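Visitor: Hi! I have a structure open on my screen and I'd like some help finding my way around. Could we go through it together?

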Amino acid sequence: MDRYEPLKIEAKWQKIWEETEAFKATEEKGKPKMFLAEMFPYPSGAGLHVGHVRNFTIVDVLARFFNQQGLNVLRPFGYDTFGLPAENYAIKTGTAPQEVTKTNIANFRKQAKRLGYAIDWSREINTSDPEYYKWTQWCFLQLYKKGLAYQKESYQWWCPVDQTVLANEQVEGGKCWRCGHEVEKKKMKQWFFKITEYADELLDEVDNLEWPEKIKTMQKNWIGRSTGAEIDFKVAAAPDITVFTTRPDTILGATFLVVAPEYKDLEALTNDYTKEEVLAYKAAALKKSEIERQENKEKTGVFTGSYAENPATKEPVPIYVADYVLAGYGTGAIMAVPAYDDRDREFAEKFNLPIIEAELIDRDAYGTPKTTYRMRDWLISRQRYWGCPIPIAYDKDGNPHPIPEDQLPVLIPEVDDYKPSGDGRSALAKAKDWLKVTIDGEEMTRETDTLDGYACSSWYLWRYASPRDEKAAWNEDAVNYWEPLDYYCGGDHAVAHLLYIRFWCKFFADLGYLPFREPVKRLLYNGYINAPDGKKMSKSKGNVIDPLDVINDGYGADTLRTYEMFIGPYDQDAAWDPRSVGGVYRFLNRCYNLCFSNSLNVPEEKTRVVRNKTIKKVTEDIHRYNFNTAVAALMEYVNELYKVGAAKEDISTLAKLLKPFAPHLASEMLEKLNETDEWPKWNEKYLANDTVEVIIQVNGKLRAKLTIDKSDLENEEKVTALALADEKVKKFTESGIKKTIFVPKAKILNIVA
């Protein structure tokens with residue numbers, strides 16, 4: 001081609017990569033491996049937008065970089081396909097989630113291939129494929145056998161009109177997203193995973209992770225280990241109240257107690273005068289999320305009508321109910337010491353309660369030492385059709401029984417109506433034939449709850465090692481070779497998902513299925529690409545930019561990929577800038593012209609220093625994840641080659657360094673040069689600070705800059721000869737030279753023509 005035509009070049013190389021299965025990974029014993037993945041995308045109808053491209057391109061840059069360095073690279077891909085969006089769409093349109101998911105995946109795959117990602121497509125996985133969720137159900141059964149999957153009652157959002165459980169996302173301003181009626185909290189029996197069993201290990205190992213500090217801090221705060229004591233307060237006409245406190249030494253200043261609205265004995269604390277107000281307050285509090293209740297705002301609460309006895313002072317202290325206390329933390333009751341706690345002080349000041357600056361006492365004088373956690377067990381059951389069926393059935397007495405492993409997978413049945421059943425169960429309850437199952441000769445009824453999507457994404461990193469294995473969730477030899485994951489990249493799910501994959505990893509390591517206890521070596525947490533006005537991209541705002549629109553406008557995938565790496569530090573948010581996209585396209589066009597419209601007859605010695613400096617800079621920047629400065633270094637390199645000319649070695653180096661960012665163009669350049677893509681190495685001797693730059697002036701005007709050895713700086717004859725050999729200087733000295741004036745200390749040679 002006479003000019004750079006990215007769409008033609010990209011189509012050519014994408015076809016070659018697909019036909020040759022260029023990125024298919026196999027275990028090669030003795031060869032160092034590199035396993036990289038992005039966090040599971042959810043394949044929505046809108047497909048990928050340019051924000052996803054940043055996340056996926058970071059993984060791809062690293063995958064290609066390590067591949068060029070000779071490592072055995074695995075870069076798979078998959079889809080987190082269960083969840084509310086597909087179910088809501090099914091309820092609204094009657095379209096089966098299976099069909100919607102299939103269409104959306106095809107769109108995602110098409111976009112990823114157009115972006116030239118080095119993906120091993122033979123390892124593509126989809127969480128709603130029975131081949132996959134069979135093993136999610138198997139994982140559940142292992143947890144169930146060890147007592148880490150269990151049932152208990154829990155409050156859930158409930159719409160009394162639609163007669164259905166609602167997820168947090170379906171509650172908008174305290175009202176049902178579908179009918180607009182006010183919702184309420186209803187106690188229901190739910191399935192939980194006992195993640196708290198591993199709380200100490202999850203917390204203690206955080207500091208050893210090669211993860212961003214902000215993510216590690218979020219993990220620590222979520223687990224929220226607190227060491228203190230449980231203290232019993234006697235109540236005259238109701239069960240005693242046990243409080244948890246991290247400051248038992250402040251008990252002399254405890255002037256009132258506060259219980260959560262969900263407190264188990266709340267009603268017993270009321271009397272005929274306070275009961276109605278207390279229960280009304282409870283009902284209102286249960287309509288709020290825990291985040292709303294914890295926001296720093298004016299404190300609210302109601303006096304229950306009861307008093308407890310402070311065990312240290314023997315004084316009566318009033319008992320209040322307030323929504324800033326959470327049922328899941330400690331015992332759901334606190335002793336309030338307003339002199340030592342800001343929230344308690346705010347509450348005391350509002351309700352005119354005593355604030356006593358009491359002396360501190362021995363921490364062990366009252367109560368029993370206790371460690372508690374902010375993190376609670378993981379609620380994993382969902383009253384939804386579109387999810388992984390929980391492999392449990394109930395006998396006639398309502399007792400749960402695991403589905404035998406040889407009966408897995410428990411398939412999702414086809415139904416005519418995707419709306420919830422109306423009795424708190426999902427649409428699965430309408431599949432009458434499916435509900436019946438025989439276990440050990442006894443007819444039972446299947447569980448109609450499905451698993452939270454987080455369960456499906458808690459183990460997929462190991463499935464990538466052997467995604468077509470029909471005998472096991474993961475192959476032991478494959479996992480031993482590829483795992484743990486070397487690089488994990490995402491811009492979301494900073495807490496829950498990462499805790500869950502760590503929890504499952506430790507659990508399966510304890511069972512002997514995994515030879516490691518942490519699933520992810522290095523975590524890269526990228527910033528968002530926002531709309532040009534700085535607002536977050538979203539379909540509802542109509543500001544989403546489709547990567548295929550950018551590609552098909554003529555810029556091509558290489559421009560888009562390189563721009564997203566150049567836009568700024570990978571871990572910071574950045575606004576989309578159409579003008580900068582054009583600038584990157586012009587840079588790639590210059591790269592193309594250097595290779596295809598250049599005689600490449602410059603001696604390689606002339607550019608040796610800048611070439612070696614560029615190799616070192618780009619290599620180290622990628623290792624440090626400074627992708628934006630790596631691209632900037634390549635731009636500077638191209639500028640220098642345009643100034644002084646290029647040797648074949650220069651263009652070969654450029655193509656190799658460019659390939660992680662713009663793989664199609666780089667491959668085209670390397671083919672033209674008949675070169676491999678092996679990552680270049682720099683030579684330290686050409687980086688030593690033994691060269692200097694000399695300014696060349698003709699009749700007082702700057703005409704050139706020469707890089708010479710320091711040892712030649714005093715050699716006026718040699719400096720002059722080098723200067724007169726420069727093409728730019730020749731043009732201004734054709735009429736002859738009158739004299740030269742050389743000032744070594746100033747590093748200036750002035751030629752009078």
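Guide: Happy to! Let's start with Arg 247, which counts as partly exposed because its relative accessible area is 31%. Keep in mind that this is a predicted model.

Visitor: Okay, which residue does Arg 247 form a salt bridge with?

Guide: Its partner is Asp 249, and the closest N and O atoms are 3.0 Å apart.

Visitor: Is Asp 249 buried or exposed?

Guide: Asp 249 is buried, because its relative accessibility is 9% and the cut-off for buried is under 20%.

Visitor: How many salt bridges are there in the whole structure?

Guide: A search of the whole structure gives 52. A nice pair to look at is Glu 604 with Arg 611, where the N to O distance is 2.3 Å.

Visitor: How covered are those two, buried or partly exposed?

Guide: One of each. Glu 604 has a relative accessibility of 28%, so Glu 604 counts as partly exposed. Arg 611 is buried, because its relative accessible area comes to 4%.

Visitor: What else does Arg 611 meet in a salt bridge?

Guide: Asp 650, with 2.6 Å from N to O. This pair links distant parts of the chain: Asp 650 sits in helix H20 (residues 648–658) and Arg 611 in helix H18 (residues 608–623), 39 residues apart. Both Asp 650 and Arg 611 are buried.

Visitor: Which residues are joined into one network by salt bridges that share partners?

Guide: One such network joins Glu 201, Glu 205, Arg 502, Lys 506, Asp 510, Arg 517 and Glu 518. If you want a helix to look at next, try H15, which covers residues 496–510.

Visitor: Sure, how far does H15 reach from its first C-alpha to its last?

Guide: It reaches 21 Å with its 15 residues, close to the 21 Å expected at 1.5 Å a residue. H15 is also mostly covered, with 14 of its 15 residues buried.

Visitor: What follows H15?

Guide: Gly 512 comes after it, and the phi of Gly 512 is positive, near 90 degrees.

Visitor: Which residues other than glycine have a positive phi?

Guide: Among them are two asparagines. Asn 352 has a phi near 55 degrees, and Asn 674 has a phi of about 60 degrees.

Visitor: Where do I find them?

Guide: Both are in loops. Asn 352 is between helix H10 (342–350) and strand E16 (368–373). Asn 674 is between helix H21 (663–673) and strand E29 (691–698).

Visitor: And why do they count as exposed?

Guide: The cut-off for exposed is over 50%. Asn 352 counts as exposed because its relative accessibility is 70%, and Asn 674 counts as exposed because its value is 71%.

Visitor: New topic: cis peptide bonds. Where should I look?

Guide: Look at the bond from Leu 408 to Pro 409, which is cis with omega near 0 degrees. Pro 409 is in the loop between strand E21 (400–402) and helix H11 (432–435). Another cis bond joins Glu 483 and Pro 484, with omega about -5 degrees.

Visitor: What about the place of Pro 484?

Guide: Pro 484 is in the loop between helix H14 (476–482) and strand E25 (485–490). While you're in that area, find Ala 465, in the loop between helix H13 (460–463) and H14.

Visitor: Is Ala 465 buried or exposed?

Guide: Buried, because its relative accessibility is 4%. The C-alpha atoms of Ala 465 and Trp 482 are separated by 6.5 Å, although the two residues are 17 apart along the chain.

Visitor: Let's go to the surface. Which residues form a positive patch?

Guide: Five lysines form one: Lys 606, Lys 643, Lys 705, Lys 728 and Lys 731. Of these, Lys 705 lies in strand E30 (residues 701–709).

Visitor: Last one, zooming out. How many helices and strands does the chain have?

Guide: The chain has 23 helices and 32 strands. Its C-alpha atoms fill a box of roughly 115 × 70 × 50 Å, taken along the principal axes. Of its 753 residues, 54% count as buried.

Visitor: Great, thanks for the tour!

Note on methods. Residues are numbered from 1 along each chain as its sequence is written. This is a predicted model: local features need pLDDT of at least 70, side-chain atom pairs count only at pLDDT 80 or more; totals for chains, interfaces and linings use all residues. Side-chain values use heavy atoms; hydrogens and water are left out. Helices (H or I, at least four residues) and strands (E, at least two) are DSSP runs, numbered from the N terminus. Buried means under 20% relative accessible area, exposed over 50%, partly exposed in between (1.4 Å probe, protein chains only). A salt bridge is a side-chain nitrogen of Lys or Arg within 4 Å of a carboxyl oxygen of Asp or Glu. The expected span of a helix is 1.5 Å times one less than its number of residues. Patches are made of residues with over 30% relative accessible area and no salt bridge: like charges are joined within 9 Å, nonpolar side chains (Val, Leu, Ile, Met, Phe, Trp, Tyr) within 5 Å. Accessible areas come from the Shrake-Rupley method with a 1.4 Å probe; for residues, only the protein chains shown count as cover. Lys and Arg count as positive and Asp and Glu as negative; His and the chain ends are not counted. The place of a charge is taken as NZ of Lys, CZ of Arg, CG of Asp or CD of Glu.
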